[in-house]
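Visitor: Hello! I would like to take a close look at one part of this protein, and I would be glad of a guided tour.

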Amino acid sequence: MTRSPGESATLSVRRQMWPLYAAGFTTAFGAHGIAANLASETSDMRSSLLYLGVLLALYDGAEVVLKPVFGSIADRVGARPVLIGGLLAFAVASAVFVVVDDPGWLWMARLGQGAGASAFSPAASVLVARLNPKAKRGRAFGSYGFYKSIGYTLGPLLGGAVVWVGGLMLLFAVMTALAVVVAVWAVCVVPTVSPLPRPRQTLVDLGRRLSDRAFLRPTVALAAATAALSVGVGFLPVSGAAAGMGPVLTGAAVSVLAACAALVQPRAGRALDSGRLHAPTGIAAGLVITSVGLGCAMAPGPAGVVLAAIGIGIGTGLITPLAFATLAASTPEERMGQTMGAAELGRELGDAGGPLLVAGAAAVLTLTAGYAALAVLIAVIPIAAARGGQSSPPLPGSR
């Protein structure tokens, strides 16, 4: 059967996207797979919560600082070399820990992994946008988010299994092999996407663009979604334990959250591309659903935990692909890396800020109050956006 040129081009793009999906899985698996098993390796680490906290923070801390930097570099030299270089840096950082075989080097390994992820994560987002026409970016970002969510979901489980078989050293060896395989795959499959000519940009120009509603609204939505997701993963097990649920049931509830987010993202992206979903409306609906999910977490008993997991998963699954498609549509092609890096910074701040807000309110009042505080904060976002008017350019599916 002979394929038309259009079908062949579509198949070629799909083939080029697979290494990008694998890169998204790698950064998520690297973040959660190792973080969930750091404390299980040695008694020394369990006896020093401060050291464990530093190890957990190094990965995200490197991403907060470096993602905008590498996003701008991707605009300057092209996203493909930044993607491949970041994957190789991630592999080297993982391999050094395996070779040195000294737990004292853990902090350096995590910092190096975070730096590598800071490069290949925004570069992958840039390539998702550049390799797909605007009319298909919703589906592309939805699929990218799906595989990233799979990494978040399976990371603690697969990482725990690997640590059980061969310890933390084997897990770092697996991460080394994974990053190398994805890097080689990208070299073979991902095409060179040349950087576009960029008009001179001053700091004032950058400030104006990043403070424009077209950037702020989807970025704030992404930060809110990531904050809720982090709170769900971190605190729903606490609520489950208080409700008499065992570790297996609370783990299943968290898996339901991640599964809902993973399943909704591709569907939301396809609905955007086909015109069945208006992007601002979908983002607002996702924020409301997320807020309702956090409200369900306030209810006593297992039902509240399960409903919260479903609500947070569906809400964040709606927000993520629509927000990234909005950012891609409103960004000049030659500044795509800068925008994606800055948006990823917003997500990392939400990842840290959400748990801090809930934990702070729980310390002063109760965990229920913490859920309420974040739920109200997220519910206010679409109201504020509606009052602010609309300045973003139209998106596919926004008519």
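What volume does the largest cavity have?

Guide: Happy to show you around! Please keep in mind that this is a predicted model. The largest cavity has a volume of about 180 Å³. Its lining is made up of 18 residues, and those closest to the centre of the cavity are Gly 145, Ser 149, Gln 265, Thr 320 and Arg 347. If you want to set up a view, centring on these five names is a friendly place to begin.

Now for the helices around the cavity. Five of them each give the lining at least two residues: H6 (137-189), H8 (213-242), H9 (247-274), H11 (302-330) and H12 (336-364). The largest share belongs to H6, with 6 residues of the lining. As for chemical character, the lining of the largest cavity divides into 8 nonpolar, 7 polar and 3 charged residues. In the structure as a whole, there are 3 cavities of 30 Å³ or more.

Helix H6 also leads us on to the aromatic residues. The model has 8 aromatic pairs. One of them joins Phe 97 and Phe 172 in a tilted arrangement, with 4.5 Å from centre to centre and 50° between the planes. Because Phe 97 sits in helix H4 and Phe 172 in helix H6, this pair ties together parts that are 75 residues apart in sequence.

Helix H4 then takes us out to the surface. There, a nonpolar patch is formed by Val 92, Val 96, Val 100, Trp 105, Trp 107, Met 108 and Leu 111, and together they have about 570 Å² of accessible area. Two elements give two or more residues to this patch, namely helix H4 (79-100) and helix H5 (106-131). Val 92, for one, is found in H4.

How values were computed. Residues numbered from 1 in each chain as written. Predicted model: local features only at pLDDT ≥ 70, side-chain atom pairs only at ≥ 80, totals over all residues. Heavy atoms only, no water. 1 Å grid on protein atoms, 1.4 Å probe; cavity = no way out; pocket = protein on both sides within 12 Å on 5 of 7 lines; lining within 4 Å. Points joined across faces, edges and corners; volume = space filled by probe spheres on them. Helix = DSSP H or I, 4+ residues; strand = E, 2+ residues; numbered from the N terminus. Nonpolar A, V, L, I, M, F, W, Y, C, P; charged D, E, K, R; others polar. Patch = residues over 30% accessible without salt bridge, like charges linked within 9 Å, V, L, I, M, F, W, Y side chains within 5 Å. Areas by Shrake-Rupley, 256 points an atom, 1.4 Å probe, with all protein chains shown as cover. Salt bridge = Lys/Arg side-chain N within 4 Å of Asp/Glu carboxyl O. Phe/Tyr/Trp six-rings, centres within 6.5 Å; stacked < 30°, edge-to-face > 60°.
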